[in-house]
Amino acid sequence: MSVVHLEETRAASFGDYFALLKPRVMSLVVFTALVGYVCAPGAGDWVLGFAAILSIAAAAGASGALNMWYDADIDAVMTRTRIRPIPSGRIAREEALMLGIFLSVLSVITMYLAAGLIAAGLLAFTVFFYAVVYTMWLKRSTPQNIVVGGWAGAFPPAIAWAAKTGGLTLDPILMALIIFMWTPPHFWSLSLLQARDYAEANVPMLPVTSGATTTRAYIFIYSLVLAPLALTPLLTGLGGLLYAVVATGGGAMFIVLAWRVLQSRAGEGVASEDKHARALFGFSILYLFMLFAALLAEPVLGHR
């Protein structure tokens, strides 16, 4: 790994500390958790429900801060991340560590008080899995890092479901499985664009260890599994007519874009590869949002 010296720390703004929480990632986590809570049976207590969702948001932010603390050396090397608060010198690593620990403890305690032991235990496990299992171990040791590590991002709707009902059923597990299977093709499409940076930072992402051709094949295989998996909520009654339309159309488009990524090796060169990988990465975010937005809208439309 190249040696990169971090700049001297200066006074940080509120925005710098907020950036430590990875707000874009947090927003998707909060949205899927909200869907899990709304879709769970029962009226629920919306004051406690708000506290539960807020706890999940805080835990997601804590995970982001702990990730940036530990990965500061990697972030300083990669073009995409070197402007983050720690490598750019706006925040000291120790501050990120303390913020991550504080938010982790606060989020788990709040979840316990609002929703009980099961939801709090799942939340604590999720933070531990992302910060320790994924960030400290898997990310630097195996090209399957994002596959196993994807569980951390898959748990929020199940945690919210448990917060409302006190337990889990097949429906929240299906929601978690969809996110879990979505994560690899989503992230591998980005890693195709950032392969050189990952190699420079000595991070064993799949394009670095196995090459772009293998990565494109994996993306397509996972997409073929994801699309039909996203239809399974129709079998349990969790999804209705709107969800069927969104999941069918979105899944078909996902496969088409993944096929274009797979075939780009025979296209017009690097520019073509980047274009198709970028298109899949952008659509994958919209796809997951549309799936969960449809689930959120189903009770209002009465399609279930």
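Helices here are DSSP runs of type H or I with at least four residues, numbered from the N terminus. In this predicted model, one such run is helix α6, which covers residues 117–141 and includes T135.

T135 is a good place to begin. Its relative accessible area is 0%, and because buried means under 20%, T135 counts as buried. Leaving aside residues up to four places away in sequence, T135 touches N67, Y70, D71, Y130 and R140. Two of these neighbours also meet the T135 side chain through polar atoms. With N67, the link runs from side chain to side chain, a polar contact of 3.0 Å. With Y130, the partner is the backbone oxygen, which lies 2.8 Å from a polar atom of the T135 side chain. Y70 is 65 residues from T135 along the chain, yet the C-alpha atoms of the two are separated by 7.4 Å.

Y70 also leads to helix α3, which spans residues 46–70. At 1.5 Å a residue, its 25 residues should span 36 Å, and the end C-alpha atoms are indeed 36 Å apart, so expectation and model agree. Helix α3 is mostly covered, with 19 of its 25 residues buried. Its N-terminal end is capped by D45, whose side chain places an oxygen 2.9 Å from the backbone nitrogen of V47.

Another buried residue turns up in helix α13, made of residues 212–229, where S223 is found. S223 has a relative accessible area of 1% and is therefore classed as buried. Its contacts, again not counting residues up to four places away in sequence, are P185, F254, I255 and A258.

Key
Residues are numbered from 1 along each chain as its sequence is written. This is a predicted model: local features need pLDDT of at least 70, side-chain atom pairs count only at pLDDT 80 or more; totals for chains, interfaces and linings use all residues. Side-chain values use heavy atoms; hydrogens and water are left out. Helices (H or I, at least four residues) and strands (E, at least two) are DSSP runs, numbered from the N terminus. Buried means under 20% relative accessible area, exposed over 50%, partly exposed in between (1.4 Å probe, protein chains only). Contact means heavy atoms within 4.5 Å. A polar contact is a pair of N or O atoms within 3.5 Å; within protein, one must be able to donate a hydrogen and the other to accept it, and residues adjacent in sequence count only if both atoms are side-chain atoms. The expected span of a helix is 1.5 Å times one less than its number of residues.
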